[in-house]
Amino acid sequence: MDRRPGVLDAAALKALIAEGGIVADPGPRQVQPASLDLTLGPKARRVRAAFLPSPRASLAERLDALTLHELDLREGAVLEKGCVYVVELRERLRLPRHLSATANPKSSTGRIDVFVRLLTDTHEGYERVPAGYEGKLYLEICPRTFPIIVREGSSLNQLRVRDGSSFLSDEEIASVLGGEPHVADGLNVSVDLSSDLGGVAGWRARRHAGLIDVDKVGALDPREYFEAIAPPPEGYLTLDPDEFYILASREEVCVPNDLAAEMVAMDEELGAFRAHYAGFFDPGFGVEAASRAVLEVRGFDVPMILEHGQRIARLRYERLGAEPEAVYGSAQSSNYQGQGLRLSKHFRQP
């Protein structure tokens, strides 16, 4: 297969698994068009607080020092909101020197306000796996709004593997998208607070809702977990501190079949809130049917006004290392193709 620098597609990921670069026994849907779903191991540790890896001690040593108690995930367990857990993942890495990786929460994880971050033994940071990394992978999990049920094999995040530099320049993005305006270190994404999305501008999470089983699809009544936000007549929404919102982009997002994309947070100077926990868009997203980006928004310390059309995040495009064998869409039974203002797959769609 003709390969070039870029993101590994499904065929290349399967080949890497076969070669032992990723130590995994993937299920039938674990390998996505340009990413690999990672899965929880059999044990979760409740820890005192989140922490960064350190060169002065292994992750196993840090966990031994910080663990409050352990949970057996083989039959399922409840992770309480506001608590921090660390789970060793079932997958391990033995990456060749030319390959690095990045992790992000899955879309369904971000949309239920579960904050997850990948940890490795040698990198002093979250979500990034250095080139040539060999070792275990761990996932830090903190449910922020809803308590969740997880079990061994549950998947909360994804891994994207890269060979070399793959991101497109602003000029290349503008060319690929037909001269799309507002390109600045990626395509700017703004928020839609109008009535164009079925008369609902967004959803605000309820604070004292029930459990969410992360492995059950379409099982929950959204009204028990979220309240609808009517389009504000004045054109802006006041974000309350420490509240969680589901909003949608004003722009339709399209990822050509030979590219992938990553949503990244806006600059800190633009406001006191976090927009978008989950970051990967597979090749083909929005090609088969017009699709918006769904934005997971959380206010920080002070009330913040968010206006219709306000810039809220950036979309960076990157090349694939080869033409993909599969793309995002109906053939893959993809959950969010053609989405507008869409809650996670766990809910019956309103």
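Here's a quick tour of one annotated domain, one helix and one group of paired strands. Keep in mind that this is a predicted model. Two elements get most of the attention: helix H1, which covers residues 10-19, and strand S19, which covers residues 244-252.

**The annotated domain**
- The unreviewed UniProt entry marks residues 5-164 as "domain: 2'-deoxycytidine 5'-triphosphate deaminase N-terminal".
- That span is 44% strand and 14% helix, and its end C-alpha atoms sit 5 Å apart.

**Helix H1**
- Quite a few H1 residues are buried: Ala10, Ala11, Ala12, Leu13, Leu16 and Ile17.
- As a rule, an α-helix has 3.6 residues a turn, so residues three or four places apart point the same way.
- So what covers those buried H1 residues? The cover includes strands S2 (22-23), S3 (36-38), S8 (99-105) and S13 (157-163).
- Right after H1 comes Gly20, with a positive phi near 90 degrees.

**Strand S19 and its partners**
- Strand S14 (residues 187-192) runs antiparallel to S19, and two bridges join them. Here, Asp192 is opposite Ala248 of S19.
- Strand S15 (residues 202-205) is also antiparallel to S19, again with two bridges. Trp203 has Ile246 of S19 as its bridge partner.
- Strand S23 (residues 292-299) pairs with S19 through six bridges, in the antiparallel sense. Look for Phe244 opposite Arg298 of S23.
- In a regular strand, side chains alternate between the two faces of the sheet.

How values were computed: Residues numbered from 1 in each chain as written. Predicted model: local features only at pLDDT ≥ 70, side-chain atom pairs only at ≥ 80, totals over all residues. Heavy atoms only, no water. Pairing = 2+ DSSP bridges. Helix = DSSP H or I, 4+ residues; strand = E, 2+ residues; numbered from the N terminus. UniProt positions renumbered as here; feature names shortened; annotations may be inferred. Buried < 20%, exposed > 50% of the residue type's maximum accessible area, 1.4 Å probe, protein only. Contact = heavy atoms within 4.5 Å.
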